[in-house]
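Here is a short briefing for a first look. Keep the sequence and the 3D view open while you read.

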Amino acid sequence: MADSDMKTVLHRYLDAAREAILWKLDGLDEYEIRRPLTPTGTNLLGLVKHLAGCELDYFGDVFGRTPDIVRPRADDDDNADMWAAPGESREFITGLYRQACEHADATIGALPLGAAGKVPWWTPGRQEVTLHQILVHMIAESHRHAGHADIVRELIDGTVGLRRGNENLPAQDESSWEAYRSQLEKVAREAH
C-alpha cells in the first residue's frame, strides 16, 4: 500500500473517533455533558476538551506546527484538561475541538508519514517519532476516549453505539437487555 493510501486509511479511522466523541453530546443538557459519572470524574465534555488538547499537542507542537489557537490552561490543576470550567461552554469546547482537528488535518495533509517529530513529555528514548506513529497513537487515544464516552452516555440516558446510525449492537428491546444483564449478573455471582 502506498504511503498516501495508508495516510488516508489512518485519517479515516481518526475521523471516525472524532465523529463518535462529538455524537455522544447530542441531545444532552449542560448538566448531563459535565456530570462526572465515574469515581475519577470522567465526563463527556471533559473528554472532548482533553482530546482537543491532544490534537493540538500531537499534531501541532510535536511537529513544530504550534497552532495560533487559544486554549484554556490551569497550571494548578493536573486534571484541568479533563473537565470544563464554568465559563467554558459546550460551544467553546466543541469549537476548540473542531479547530484542533482542522489544525491536525492540515498537519496530516502537509507532512509525509515519515515526517519526524519529537514528543518532549514522553520517556527519553521514545521521544523521536514520525507522523505515522502519532496518527496511530491518536487513533488509539481517540477511540479509547470514545469508548469511555459511550459508557458515560449509556449511564446518562441509555444511548449506546459506535456512531450515529450504527449502534453496532444487536437489536434488542429494553426487556431483552435486562434479561441479558440479569443472566450476566447471575453468572458473575456463581463465579464468585
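This is a predicted model. Glutamine 127 makes a good starting point: the residue sits in the loop between β1 (116-118) and β2 (128-130). From there the briefing widens to the whole chain, then returns to single residues and one helix pair.

**The loop between the strands**
- Glutamine 127 is buried, because its relative accessibility is 14% and the cut-off for buried is under 20%.
- Leaving aside residues up to four places away in sequence, glutamine 127 touches Gly117, Lys118, Val119, Pro120 and Trp122.

**The whole chain**
- The protein chain has six helices and two strands.
- Read from the N terminus, the order of elements is α-α-α-α-β-β-α-α.
- Along the principal axes, the C-alpha atoms fill a box of roughly 55 × 45 × 35 Å.
- The chain counts 192 residues, and 39% of them are buried.
- About 11200 Å² of the protein chain is exposed, and 52% of that area comes from carbon and sulfur atoms.
- Take the contacts between residues at least 6 apart in sequence: 72% of these join residues at least 24 apart.

**Helices α3 and α5**
- How is a pair of packed helices described? The angle between the axes and the distance between the axes do the job.
- Helix α3 covers residues 44-59, and helix α5 covers residues 131-157.
- Their axes come within 10 Å and cross at roughly 175°.
- That angle makes α3 roughly antiparallel to α5, because angles over 145 degrees count as such.
- Sorted by class, the contact of α3 with α5 holds 13 nonpolar, five polar and three charged residues.

**Isoleucine 93 in helix α4**
- Isoleucine 93 belongs to helix α4, which spans residues 90-110.
- Is isoleucine 93 buried or exposed? Isoleucine 93 is buried, with a relative accessible area of 0%.
- Its contacts, not counting residues up to four places away in sequence, are Leu45, Val48, Lys49, Ala84 and Glu88.
- Isoleucine 33 lies 60 residues from isoleucine 93 along the chain, and 11 Å separates their C-alpha atoms.

**Cysteines and disulfides**
- How many disulfides does the structure hold? The structure holds zero.
- Why is there no bond at cysteine 54? The closest cysteine sulfur, in cysteine 101, is 11 Å from the sulfur of cysteine 54, which is too far for a bond.
- A disulfide needs the two sulfur atoms within 2.5 Å.
- Seen from the other side, cysteine 101 has its closest cysteine sulfur in cysteine 54, again 11 Å away and too far for a bond.
- Cysteine 54 counts as buried, at 7% relative accessibility.
- Cysteine 101 counts as buried too, at 8% relative accessibility.

**Glycine 158 after helix α5**
- Glycine 158 is found in the loop between α5 and α6 (174-191).
- Glycine 158 is partly exposed, with a relative accessible area of 42%.
- Phenylalanine 63 is 95 residues from glycine 158 in sequence.
- In space, the C-alpha atoms of glycine 158 and phenylalanine 63 are 40 Å apart.

**To take away**
- The predicted model has six helices and two strands, and zero disulfides.
- Helices α3 and α5 run roughly antiparallel.
- Glutamine 127 is a buried residue in a loop, whereas glycine 158, also in a loop, is partly exposed.

Conventions:
Residues are numbered from 1 along each chain as its sequence is written. This is a predicted model: local features need pLDDT of at least 70, side-chain atom pairs count only at pLDDT 80 or more; totals for chains, interfaces and linings use all residues. Side-chain values use heavy atoms; hydrogens and water are left out. Buried means under 20% relative accessible area, exposed over 50%, partly exposed in between (1.4 Å probe, protein chains only). Helices (H or I, at least four residues) and strands (E, at least two) are DSSP runs, numbered from the N terminus. Contact means heavy atoms within 4.5 Å. Axes are lines fitted to C-alpha atoms, for helices over the stretch in contact, and angles run from 0 to 180 degrees between N-to-C directions. Angles under 35 degrees count as roughly parallel, over 145 as roughly antiparallel, 65 to 115 as roughly perpendicular and the rest as oblique. Ala, Val, Leu, Ile, Met, Phe, Trp, Tyr, Cys and Pro count as nonpolar, Asp, Glu, Lys and Arg as charged, and the others, Gly among them, as polar. Accessible areas come from the Shrake-Rupley method with a 1.4 Å probe; for residues, only the protein chains shown count as cover.
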